[in-house]
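Here is a walk through the rings, the charges that sit over them, and the empty spaces in one protein chain. Have the viewer open as you read.

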Amino acid sequence: MANVHIDNVRKSFGQTAILHGVSVDIADGEFVVLVGPSGCGKSTLLRMIAGLENITAGEISIGGRVVNNVPPKDRDIAMVFQNYALYPHMTVRDNMAFSMKLAKAPAEVIEAEVSRAARILGLGALLDRYPRQLSGGQRQRVAMGRAIVRNPQVFLFDEPLSNLDAKLRVQVRAEIKELHQRLRTTTIYVTHDQIEAMTMADRIVVMQGGHVEQIGAPLELYDRPANIFVAGFIGSPAMNLLPGRLHNGAFHADPDTGAVPEGAAPAGGDGVLWPLPPGGRPAEGQKVTYGFRPEHLRLVSDGIPATIQLIEPTGSETQVVAQAGGRVISGAFRERIAAKVGETIHVLPDPSLAHLFDGGSGQRISA
């Protein structure tokens, strides 16, 4: 096991810059998830750690050794890909043992390591099968087993669950987390799915456009997002973000002209007072964005009137889309909602859990 130090790393393809000075310190034994939308540079960064992409500038070290010019095979890492990359003509046993055979490890060592990995991953009964005889989840476990037998300093996962169905994703996600808790090998995991990031990571690195937006523990990012991008990206359903201004000590949302039919007059935000969060206060008239999560919306008799546009019962909660104060908002309620589409409910966000973001920079300004 080893720490991974990424210092001011940049990557360009010709004149096109992909990464703009990324710096991340990953502790020995830590599970870190790189998350962000497609094209943010997370997979490129992972491939640079693996040695599959050259570094334009900056430095990457593994276990205290700078690896900028070290070939992938000498970095003591193991990578699990999205598409399994199994040899179809080899059995599970041979797939898992292949890298050790290339390294000319003794037969008894190979057998011991393959047996150990198979025992950890529950593959003991499948060792003589071929990949075509396995389910998607079993194939992904074989790919993980092939990585485990190498006893690497660092595991690298590149969106390994993307090809699995929803139920299997949950199962394999739990297996990967359990595997890390058992082996305590430093792990770097790339995904665009923020639910995977929240449930698996010790720390999350949120990326956008080749920049790191925020690094922190899952609940830290959820409770205290550094900016509007992190606030909107982390959490499902997404945080409600209402642009507007502070006026006379209250937040007034701007009307959402895109939320009404063409030719109709948008409902005005004037007269609707959204409760301000505690802490810092912007200047009078300053443009700000008011944020609150759907699950922090409460049904109260004296709250803000909201006209229901959509109701989505999920069983454990009821998700509602409504128009309130000239804005479309979403709520997630544990209680069952008796109202129907077109009817009015009264809601109020919990001000202690709300946020204010600067209208210009997008940075959080509430305490």
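Which residue lies over the face of Tyr 130? That is Arg 132, at 4.9 Å from the ring centre. Keep in mind throughout that this is a predicted model.

## Charges over rings

Arg 132 and Tyr 130 have a counterpart elsewhere in the chain. Arg 293 lies over the face of Tyr 222, and here the distance to the ring centre is 4.0 Å.

## Aromatic pairs

Now for rings that meet other rings: the structure holds nine aromatic pairs. One of them is Phe 251 with Tyr 290, whose ring centres are 5.0 Å apart. Their planes sit at 20°, so the pair counts as stacked, the cut-off for that being under 30 degrees. Phe 251 belongs to strand β12 (residues 250–253) and Tyr 290 to strand β13 (residues 287–292), so this contact ties together parts that are 39 residues apart in sequence. How much of these two residues is open to the outside? Phe 251 has 0% relative accessibility and therefore counts as buried; Tyr 290 is buried too, also with a relative accessible area of 0%.

Strand β13 shows up again in another stacked pair, this time between Trp 274 and Phe 292, at 5.7 Å centre to centre with 25° between the planes. Trp 274 is in the loop between β12 and β13, while Phe 292 is in strand β13 itself, so to speak across a gap of 18 residues in the sequence. Both Trp 274 and Phe 292 are buried.

## A ring cluster beside a cavity

Some rings go beyond simple pairs. Phe 31, Phe 155, Phe 157 and Tyr 189 are linked by ring pairs into a cluster. Three names from that group come back when you look at enclosed space: Phe 31, Phe 155 and Phe 157 are among the residues that line the largest cavity. Ile 176, Leu 179, His 180, Leu 183, Thr 185 and Thr 187 are on that lining as well.

The structure holds two cavities of 30 Å³ or more, and about 50 Å³ of space lies in the largest. Which elements give two or more residues to its lining? They are β7 (154–158) and α5 (166–183), with α5 giving the most, four residues. By class, the lining comes out as six nonpolar and three polar residues, with no charged ones.

## The second cavity

The second largest cavity has a volume of about 40 Å³. Strands do much of the talking here: β14 (297–313), β15 (318–324), β16 (327–333) and β17 (344–349) each supply at least two lining residues. The largest share, four residues, comes from β16.

The lining includes Leu 297, Ala 306, Val 320, Ile 329, Phe 333 and Val 347. Nine of its residues are nonpolar, two are polar and none is charged.

## Open pockets

Turning to spaces that are open, the largest pocket has a volume of about 410 Å³. Of the 17 residues that line it, Ala 78, Met 79, Phe 81, Arg 146 and Arg 150 lie nearest its centre. The elements that give two or more residues to this lining are β6 (77–80), α2 (92–102) and α4 (136–148). Its residues divide into 13 nonpolar, one polar and three charged.

The second largest pocket has a volume of about 180 Å³. Arg 150 turns up on this lining too, along with others including Asp 76, Ile 77, Ser 99, Met 100 and Pro 152. Which element gives the largest share of the lining? It is α2, with three residues. The classes here are six nonpolar, one polar and two charged.

## What the record says

UniProt, in an unreviewed entry, places the feature "domain: ABC transporter" at residues 4–234. In the model, that span is 37% helix and 26% strand, and its end C-alpha atoms lie 25 Å apart.

Note on methods:
Residues numbered from 1 in each chain as written. Predicted model: local features only at pLDDT ≥ 70, side-chain atom pairs only at ≥ 80, totals over all residues. Heavy atoms only, no water. Phe/Tyr/Trp six-rings, centres within 6.5 Å; stacked < 30°, edge-to-face > 60°. Buried < 20%, exposed > 50% of the residue type's maximum accessible area, 1.4 Å probe, protein only. Lys NZ or Arg CZ within 6 Å of the ring centre and 35° of its normal. 1 Å grid on protein atoms, 1.4 Å probe; cavity = no way out; pocket = protein on both sides within 12 Å on 5 of 7 lines; lining within 4 Å. Points joined across faces, edges and corners; volume = space filled by probe spheres on them. Nonpolar A, V, L, I, M, F, W, Y, C, P; charged D, E, K, R; others polar. UniProt positions renumbered as here; feature names shortened; annotations may be inferred.
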